[in-house]
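Good morning, and thank you for making time for this item. I would ask you to look at the sequence and the structure together while I speak.

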Amino acid sequence: MATVPFRLWVLVPVAAAWAGVAVVVAELGRWHPAGALNPVFALTASATVPITLSTVPTAALAATGAAVFALLLALPGRIARDGVDPVRYRLSWRILRPSDPVGRHAARYLLGIAGAGLAVATSGIGHPYWTFVTASVPMSAPDLHARLTRATQRVIGTAAGLGAAALVLAAHPSSYAAIILIAVLQACTELTTGRNYSLGLVFFTPMALLLGDLMLPASIGTLLTQRALETVIGLTIALAATVVTPERRTPTSRTPQRDHLVDQA
């Protein structure tokens with residue numbers, strides 16, 4: 001998708017369908033973090049940065065190498081939770097009914113991600129995947145109260161993070177310095193987000209802007225404005241999708257409700 005000039009319009013139905021399928025699989029498999037945030041993040045970040053067809057194999061190789069490296073670091077420390085094997089669920093069409101929490105959650109993602117896609121395709125925002133990711137954040141929460149809380153924390157943390165990002169970007173770090181700084185900010189994000197989402201965003205926001213500047217260079221003012229604008233758009237769309245698809249009964253999500261560090265992207 002990143003190789004075609006009308007990629008954002010192609011991404012609208014593809015990302016919506018991808019999010020709907022991903023959230024069903026996540027619910028059935030008890031993925032942690034819950035929801036479809038990471039699949040949506042991966043797809044939209046890859047599809048919205050323009051590249052040529054000849055660079056696709058290189059990008060795929062880099063992604064595969066990073067995933068293998070991450071597994072090599074993580075697997076040796078893996079331990080079974082309480083010595084109990086995870087419960088596996090079989091896919092049933094019944095869970096996709098509007099009256100079922102999983103089906104309603106999938107419908108919420110379909111509407112929210114499609115809305116985010118239409119917003120970025122018509123507005124010409126410079127880093128469109130930010131809107132997709134922001135819309136995914138509150139929708140991953142288990143109920144309305146948690147989604148409103150997550151959205152509020154997103155606004156507070158992003159506002160503080162933009163101030164930190166302004167200082168970081170004003171230093172104009174070189175490519176290698178930027179890579180080191182991104183690694184440090186990522187580590188700080190992981191250490192703080194599980195305790196306080198807003199605090200984690202103070203570190204995550206400048207990291208996201210540094211990454212965005214490496215992919216699509218822009219002035220500091222443009223980057224800060226785009227991030228603020230896309231936060232507002234993404235959260236508005238997510239909350240609208242929540243209002244349109246309210247819970248008909250107390251949610252019985254099959255996924256753990258405790259936040260995960262990576263769930264805060």
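I will describe the overall fold, then the helix contacts, the nonpolar cores and one loop residue.

Please bear in mind that this is a predicted model. The protein contains nine helices and zero strands. It has 265 residues, of which 40% count as buried. Among contacts with a separation of 6 or more, 81% join residues that are 24 or more positions apart.

Let me turn to helix packing. In general terms, a pair of packed helices is described by the angle and the distance between their axes.

The first pair is helix 1, residues 7-29, and helix 4, residues 101-123. Their axes come within 8 Å and cross at roughly 160 degrees. Helix 1 is therefore roughly antiparallel to helix 4, since an angle over 145 degrees counts as such. The crossing of these two helices is right-handed. On the side of helix 1, the contact includes Leu8, Trp9, Val12, Ala16 and Glu27. Helix 4 contributes, among others, His105, Tyr109, Ile113 and Gly117. By class, the contact of helix 1 with helix 4 has 18 nonpolar, four polar and one charged residues.

The second pair is helix 6 and helix 9, whose axes come within 10 Å and cross at roughly 175 degrees. Helix 6 is thus roughly antiparallel to helix 9. Among the residues of helix 6 in this contact are Leu144, Arg147, Arg154 and Leu162, and those of helix 9 include Ile220, Arg227 and Leu239. Sorted by class, the contact of helix 6 with helix 9 has 15 nonpolar, three polar and three charged residues.

Next, I come to helix 5, residues 129-139. How many of its residues are buried? The count is eleven of eleven, and helix 5 is mostly covered. Trp130, Phe132 and Pro138 are among these buried residues. The buried residues of helix 5 pack against helix 1, helix 2, helix 4, helix 6, helix 8 and helix 9.

The contact of helix 5 with helix 9 deserves its own description. The two axes come within 7 Å and cross at roughly 40 degrees. Helix 5 and helix 9 are therefore oblique to each other. The crossing is right-handed. Trp130, Thr134 and Met139 are among the helix 5 residues that take part, and the helix 9 residues include Gln226, Glu230 and Gly234. By class, the contact of helix 5 with helix 9 has nine nonpolar, five polar and two charged residues.

I now turn to the cores. Which residues have the most contacts inside the largest nonpolar core? They are Tyr109, Ile113 and Phe132, in a core of 24 residues. Helix 1, helix 2, helix 4, helix 5 and helix 9 each give two or more residues to this core. Leaving aside residues up to four places away in sequence, Tyr109 touches several residues, including Ala19, Val23, Leu37, Ser136 and Met139. Apart from this core lies another, of 20 residues, with Leu37, Ile182, Leu185 and Ala208 among them.

Finally, a remark on the backbone. Most residues other than glycine have a negative phi. His172 is not a glycine, yet has a positive phi of about 50 degrees. His172 lies in the loop between helix 6 and helix 7. Its relative accessibility is 60%, so His172 counts as exposed.

Thank you for your attention.

Key
Residues numbered from 1 in each chain as written. Predicted model: local features only at pLDDT ≥ 70, side-chain atom pairs only at ≥ 80, totals over all residues. Heavy atoms only, no water. Axes fitted to C-alpha atoms, helices over the stretch in contact; angles between N-to-C directions. Helix = DSSP H or I, 4+ residues; strand = E, 2+ residues; numbered from the N terminus. Parallel < 35°, antiparallel > 145°, perpendicular 65-115°, else oblique. Left-handed = near helix turned anticlockwise from the far one by under 90°. Contact = heavy atoms within 4.5 Å. Nonpolar A, V, L, I, M, F, W, Y, C, P; charged D, E, K, R; others polar. Buried < 20%, exposed > 50% of the residue type's maximum accessible area, 1.4 Å probe, protein only. Core = buried A, V, L, I, M, F, W, Y, C linked by side-chain atoms within 4.5 Å.
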